[in-house]
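Please look closely at the structure shown below, and keep it beside you while reading. The report that follows moves through it one region at a time.

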Amino acid sequence: MAKHTIVMIPGDGIGPEVTSSARKVLEAAGLSVEWVELPAGATALEQGYENVLPERTLAAIRAHKVAIKGPVTTPVGKGFRSVNVQLRKALNLYAAVRPVRSMPGIKTRYENVDMVVVRENTEGLYSGIENEVVPGVVTSLKVASESACTRIARYAFRYATKRHRKQITVFHKANIMKMTDGLFLNCSRKIHEEEYPNIDYEEVIIDAGCMKLVQDPTRLDVLLMENLYGDLISDLCAGLVGGLGVVPGSNIGDDAAVFEAVHGSAPDLAGKGVANPLAVIMSGVMMLNHIHEEALARKIKTAYDTVLQEGKTLTRDLGGSAGTAEFTDAIIAKL
Ligand code: NAD
């Protein structure tokens, strides 16, 4: 096996604990890897970098093209701009891909959930352009460009085709945001009609979409949407299959890819050794598929599916009492 060079960003809060688990599992499965560990987030400032997103970290991802990243903390209502938004823009990681599936042994309201959220990752309301018009009145600018809307639509249809998925549902609010969400819909429709007519295509106003998701998520397949909606819907979908501890993600661009869980830095759990590392381990499996190490990916997936199915060693969020390390060891024991 060729040796891979992969950038490792431990992140803030529970980030170092869960990424270290993922690293152990990937190595125990036999991945031949050289890790380039670099910081981002509040941790970067603590380590003496001037910026929450050091140029050195960005340069390493540009050079090695693949990174696995722990969550980073973003101050609410003040302070520095989101590191994630900056990172995704800087590297043009335009597609957030978040598979959401029912997990073996994890009891939830629905069985057989198998969806993928595809989120536009570079514009929308996350452009971060906010202004005070006059004292007491502020605005936030939602940006939609034909190029970015077309790019994410084409990505979603290509992804659906490759993965033998049948349907794409676009969540939107074009009844209110007629120009921005209207453009998103027009671009999606065009890609469907001109390039992928064989994939079923539907458009659903997002409020009704939320109801449909909660009533019966099993009829949905690939969900395509702009940035903010994708952020919110990802967490909603996580709640349908067992929570944030079991939903992985990737941020994909044409030149680089960064793999990370959907969850945040969970300050309430940081340093306690109780966080569920599975979402980051699953993100690692997505990374293995991306770097064409499919056999290793299958091996790790089988190991954690078995641990979940047995139900003897589960973290607290999944109804067990195991800590991060014990759960990690249980997965490694199955490899
Ligand atoms: P969160 O995802 O960190 O936590 C939400 C809830 O889920 C908490 O109760 C937490 O304990 C639980 N949880 C999250 N991950 C878990 C895990 N692996 N195992 C067990 N329980 C888990 O969301 P939040 O509290 O809204 O945000 C905290 C910080 O994380 C904020 O600063 C936010 O900006 C940041 N954040 C970062 C990312 C990222 O870096 N990709 C994503 C989302 C939020």
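In this predicted model, tyrosine 94 has a relative accessibility of 4%, and because buried means under 20% relative accessible area, tyrosine 94 counts as buried. Tyrosine 155, at 12% relative accessibility, counts as buried by that cut-off. Tyrosine 159 is likewise buried, with a relative accessible area of 11%.

How are these rings arranged with respect to one another? A pair of aromatic rings is described by the distance of the centres and the angle of the planes. In this model the count comes to 4 aromatic pairs. For one of them, the centres of the rings of tyrosine 94 and tyrosine 155 are 6.2 Å apart and the planes stand at 85 degrees, so this pair is edge-to-face. The pair links distant parts of the chain, since tyrosine 94 sits in the loop between α4 (83-90) and β4 (95-101) while tyrosine 155 belongs to helix α5 (residues 146-162), 61 residues apart. Tyrosine 155 also pairs with tyrosine 159, and here the rings are stacked, with 6.3 Å from centre to centre and 25 degrees between the planes. Both tyrosine 155 and tyrosine 159 lie in helix α5, where they are 4 residues apart, about one turn of the helix. An α-helix has 3.6 residues a turn, so residues three or four places apart point the same way. Taken together, Tyr94, Tyr155 and Tyr159 form one aromatic cluster.

Another helix, α10 (residues 294-310), allows a simple check of length. Its 17 residues, at 1.5 Å a residue, should span 24 Å, and because its end C-alpha atoms are 24 Å apart, the two values agree. Which residues of α10 are buried? They are Leu296, Ala297, Ile300, Ala303, Tyr304, Asp305, Val307 and Leu308. These buried residues of α10 pack against α1 (15-29), β4, α9 (278-290) and α11 (324-334). After α10 comes glycine 311, whose phi is positive, near 70 degrees.

Helix α1, one of the elements that α10 packs against, contains alanine 22. Alanine 22 is buried, with a relative accessible area of 1%. Although alanine 22 and alanine 279 are 257 residues apart in sequence, their C-alpha atoms are 9.1 Å apart in space. If neighbours within four places in sequence are left aside, alanine 22 is in contact with Val280 and Ile281.

A second alanine can be described in a similar way. Alanine 174 is placed in the loop between β8 (167-172) and α6 (180-195), and it is buried, with a relative accessible area of 14%. The C-alpha atoms of alanine 174 and leucine 185 are separated by 7.7 Å, with their positions 11 residues apart along the chain. Not counting residues up to four places away in sequence, alanine 174 touches Asp181, Gly182 and Leu185.

The last topic is the ligand. Of the 20 residues around the ligand, Thr74, Asn84, Gly264, Ala266 and Asp268 come nearest. The table lists polar atoms of the protein together with the ligand atoms that they approach.

| Protein atom | Ligand atom | Distance |
|---|---|---|
| lysine 69, polar side-chain atom | oxygen | 3.3 Å |
| asparagine 84, side-chain N or O atom | oxygen | 2.8 Å |
| asparagine 276, backbone N or O atom | nitrogen | 2.9 Å |

Taken alone, the ligand exposes 810 Å², and the protein buries 69% of that area.

Methods. Residues are numbered from 1 along each chain as its sequence is written. This is a predicted model: local features need pLDDT of at least 70, side-chain atom pairs count only at pLDDT 80 or more; totals for chains, interfaces and linings use all residues. Side-chain values use heavy atoms; hydrogens and water are left out. Rings of Phe, Tyr and Trp (its six-membered ring) pair if their centres lie within 6.5 Å; planes under 30 degrees apart count as stacked, over 60 as edge-to-face and the rest as tilted. Helices (H or I, at least four residues) and strands (E, at least two) are DSSP runs, numbered from the N terminus. Buried means under 20% relative accessible area, exposed over 50%, partly exposed in between (1.4 Å probe, protein chains only). The expected span of a helix is 1.5 Å times one less than its number of residues. Contact means heavy atoms within 4.5 Å. A residue is near a molecule or strand if one of its heavy atoms lies within 4 Å of it. A polar contact is a pair of N or O atoms within 3.5 Å; within protein, one must be able to donate a hydrogen and the other to accept it, and residues adjacent in sequence count only if both atoms are side-chain atoms. Accessible areas come from the Shrake-Rupley method with a 1.4 Å probe; for residues, only the protein chains shown count as cover.
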